[in-house]
Amino acid sequence: MTEENETLVAEFVLMGLTGHPELQVPLFLVFLVIYLTTMVGNLGLIGLICKDPHLHTPMYLFLGSLAFADACTSSSVTPKMLMNFLSKNHMISISDCMAQFYFFGSSATTECFLLVVMAYDRYVAICNPLLYPVVMSNQLCMQLIGVSYAIGFVHSVIHVTLLFRLTFCRSNIIQYFYCEILQLFKISCTDPAINIFLVLIFSAFIQVITFTAIIVSYTCVLFAILKKKPEKGRSKTFSTCSAHLLSVSLFYGTLFFMYVHPGSGPAENQDKMYSLFYTIMIPFLNPFIYSLRNKEVIDALRRIMEK
């Protein structure tokens, strides 16, 4: 290797969503509103769950944990993107880049397992209601949340550790709005075959296993609702479960196309849209999905406002 080729990159350049200067300020305003709404929605939901005793149940404990993961996902990507909209300096150091991917990756993986836990919670509550208080004890709930976050942190550590085996010397330009791992592979001087293989295997395993568990749980719930519940009870249960399934569909749909089926070679802009959806839009939408049709959350918010 020549001396010129051995010059390693110390910083990356994030090219962002678009190269059109006239769109930078409008996009900044749009995503600033989305980010502020995301934080108010998710942190507000956490505060509401902590404040109102009526929401001190396993389902809302899991929902609060999901809201925290969503806030972390959005905060790992959006602030840097907002800064780049208004700045001509789009540089990010390698250490900051790795940290950004770590926090995003751990939050996204955690969300996969929290969605499984929430599906299991609904399965026990609807299919075995008499055993629900015994099965879903506070201790078990905290353990399930702890395991979900631990898996997320460990999974991200594996990929970040393997990123350090790569060297970057050809180019420091990332055609993206954050340090997405597949984009880092594209500009690596080291063969990233091992990294790509492990990303594909881990992503496929985690997403297929968790998605299958969620679908099995909600299929059992659906049959239980149709067999046992009276008409009034069906409506409330369907409302809760449909909100969960909508969130699951949006989250897994975009992740699958991004990481499990990368061989289809989507166009660059389409690739960015997938990432934009699961990094920014899903954390923005989830508080509305889980709250707008949830009478208990609306009632809790009304009680807080009346005080």
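**Helix packing around α2 and the setting of I206**

Helix α2 passes helix α5 in a right-handed crossing. In this predicted model, α2 spans residues 58-86 and α5 spans residues 138-163, and their axes come within 10 Å and cross at roughly 20°. An angle under 35 degrees counts as roughly parallel, so α2 is roughly parallel to α5. On the α2 side, the contact is formed by P58, L61, F62, S65, F68 and A69, which meet C141, M142, L144, I145 and Y149 of α5. Classified by residue type, the contact of α2 with α5 holds 10 nonpolar residues, one polar residue and no charged residues.

Helix α2 also packs with helix α3, which covers residues 94-127; the axes of α2 and α3 come within 9 Å and cross at roughly 160°. Angles over 145 degrees count as roughly antiparallel, and α2 and α3 are therefore roughly antiparallel to each other. The crossing of α2 and α3 is left-handed. In the contact of α2 with α3, 15 residues are nonpolar, five are polar and five are charged.

The two helix pairs may be set side by side. Two packed helices are described by the angle between their axes and the distance between the axes. For α2 and α5, these descriptors are roughly 20° and within 10 Å, whereas for α2 and α3 they are roughly 160° and within 9 Å. The handedness of the crossing is right-handed for α2 with α5 and left-handed for α2 with α3. Charged residues are absent from the contact of α2 with α5, while five occur in the contact of α2 with α3.

A further site concerns I206, located in helix α7, which comprises residues 193-228. With a relative accessible area of 9%, I206 falls under the 20% cut-off and is therefore buried. Residues up to four places away in sequence being excluded, I206 touches T109, C112, F113 and H155. For one of these partners, F113, the separation along the chain is 93 residues, and the C-alpha atoms of I206 and F113 are 8.6 Å apart.

At the level of the whole protein, 10 helices and three strands are present, arranged along the sequence in the pattern β-α-α-β-α-α-α-β-α-α-α-α-α. The protein has 307 residues, of which 48% count as buried. Among contacts with a separation of 6 or more, 79% involve residues 24 or more positions apart. The accessible surface comes to about 15,400 Å², and 70% of this surface belongs to carbon and sulfur atoms.

Note on methods: Residues are numbered from 1 along each chain as its sequence is written. This is a predicted model: local features need pLDDT of at least 70, side-chain atom pairs count only at pLDDT 80 or more; totals for chains, interfaces and linings use all residues. Side-chain values use heavy atoms; hydrogens and water are left out. Axes are lines fitted to C-alpha atoms, for helices over the stretch in contact, and angles run from 0 to 180 degrees between N-to-C directions. Helices (H or I, at least four residues) and strands (E, at least two) are DSSP runs, numbered from the N terminus. Angles under 35 degrees count as roughly parallel, over 145 as roughly antiparallel, 65 to 115 as roughly perpendicular and the rest as oblique. A crossing is left-handed if the near helix is turned anticlockwise from the far one by less than a right angle, and right-handed if clockwise. Contact means heavy atoms within 4.5 Å. Ala, Val, Leu, Ile, Met, Phe, Trp, Tyr, Cys and Pro count as nonpolar, Asp, Glu, Lys and Arg as charged, and the others, Gly among them, as polar. Buried means under 20% relative accessible area, exposed over 50%, partly exposed in between (1.4 Å probe, protein chains only). Accessible areas come from the Shrake-Rupley method with a 1.4 Å probe; for residues, only the protein chains shown count as cover.
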